[in-house]
Amino acid sequence: MTFHRTTPAALMAVLSLAACAAQPSEPAPPVPSTPVAARPPEGVTLSALPSGATQSSAAMAFEGGSARDKRTFVTGAILVDHPRGKLLFDAGYGRHLAEHFQTAPALMRVVVRPRLGMTVADQLARGGVRPSDLKAVVLTHAHWDHVSGLEHLKGVPVWVPKAELDFIKGKDPSAELARRLGLSDYQSYDFPDGPYLGFPRSWDVFEDGSVVLAPTPGHTPGAIVAFITTSTGKRYGLVGDTAWQSEGVERPAQKPWLSRWLVDHDGPSTWSALRKLHAAKAAIPDLIVVPAHDARVWETLPRFASETP
Ligand SMILES: [Zn+2]
């Protein structure tokens, strides 16, 4: 393999060509029936804890994106504070980012340069939240840039679907860091509740509709979307890396072939999940779709422990 010698300029040229590729055609997914009502109690809030970023372009993120359209790919965590427990979605970068980044795909290590800001754990501490105050870390999926910060959250249960735990325990190199950080905190869950917004199964974590997890296998075998409804009625869809930037869900548009090849475990399943997310957004127009790495969306979210949300 010669990927180590590929230059960023050459990669961008390839991606620009790939952006011209046609979207695969298949029947549209069923439109979700009546949007599910949520009954969040008082005190359910959502806030963002960005822990670093890389620079890339729309051409890297979705088909049809331009190489001239520069994008910041943020990485971090989302805290959902519920009267019955605090859930942290993903863990962002840890202090050993440089070492952890060595587990990323070789080609990615050539084209992106992640920069560490303040770790999620440090931001939580600044806001008076100790790791032991967290009910769980809920992973959208187990890739390195979502688990790196777990190094500072030892002892906090890490919730993943059974399929994702099997993925972590297997031999896939993209789950190497999740494996290396230790398996003792992982707890697998099922989706015991019925269909939700076009997804066949779900888990209504607090049984009040405020936090509903649904499987979106594709990017990884146990990738999920988390639908969050806060006490103010705002609704969010934390879609992880099923889409890197919001256009992925809005258009919908899958990642360019090279990005799919680099990071998507199962491209066609990822596309199927994207189309379901697109349909969910159509059913709830005010749903705020939050890709894990779209800095433009993260900038609109309330910031944890900040006086200027
Ligand atoms: Zn990922």
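**Figure 1. Strand β2 and its pairing with strands β1 and β3.** In this predicted model, Ser47 has Leu79 of β2 as its bridge partner, and this pairing belongs to the region where strand β1 (residues 45–57) and β2 run antiparallel, joined by 12 bridges. Strand β2 also runs antiparallel to strand β3 (residues 85–89), to which 5 bridges join it, and here Ile78 stands opposite Phe89 of β3. The connection from β2 to β3 is a hairpin through 2 residues. Strand β2 itself, which spans residues 70–82, is mostly covered, with 10 of its 13 residues buried. In a regular strand, the side chains alternate between the two faces of the sheet.

**Figure 2. The largest nonpolar core and the surroundings of Leu124.** The largest nonpolar core holds 46 residues, of which Leu88, Leu124, Val147, Leu150, Leu153 and Tyr186 touch the most other members. Helix α4 (residues 106–111) supplies the largest share of this core, namely 4 residues. When its neighbours within four places in sequence are left aside, Leu124 is in contact with Leu49, Leu79, Leu88, Val129, Leu134, Leu153 and Phe304. Another core, of 28 residues, lies apart from the largest one, and among its members are Tyr236, Leu238, Val290 and Leu301. In soluble globular proteins, nonpolar side chains tend to be buried together.

**Figure 3. The zinc ion and its four donor atoms.** Coordination of the zinc ion comes from His141 through NE2, His143 through ND1, His219 through NE2 and Asp241 through OD, at 2.1 to 2.3 Å. The angles among these 4 donor atoms range from 87 to 166 degrees, and the site is irregular; because four donors count as tetrahedral if all angles lie between 85 and 135 degrees, the upper end of that range does not fit such an arrangement. Along the chain, the donors follow the spacing H-x1-H-x75-H-x21-D. His141 belongs to the loop between β5 (134–138) and α6 (144–147), whereas Asp241 belongs to the loop between β11 (235–240) and α9 (247–250), so this pair ties together parts that are 100 residues apart in sequence. Both His141 and Asp241 are buried.

**Figure 4. The buried side of helix α7.** Within helix α7, which covers residues 162–169, the buried residues include Glu164, Leu165, Phe167 and Ile168. These four residues lie on the same side of α7, because the arc that they cover around the axis is only 155 degrees. The buried residues of α7 pack against β6 (158–161), α8 (176–180) and β7 (186–189).

Note on methods: Residues numbered from 1 in each chain as written. Predicted model: local features only at pLDDT ≥ 70, side-chain atom pairs only at ≥ 80, totals over all residues. Heavy atoms only, no water. Donors = N, O, S within 2.8 Å, 3.2 Å for Na, K, Ca; no water. Tetrahedral: all angles 85-135°; square planar, octahedral: opposite > 155°, others 65-115°. Buried < 20%, exposed > 50% of the residue type's maximum accessible area, 1.4 Å probe, protein only. Pairing = 2+ DSSP bridges. Core = buried A, V, L, I, M, F, W, Y, C linked by side-chain atoms within 4.5 Å. Contact = heavy atoms within 4.5 Å. Arc of directions from axis to C-beta.
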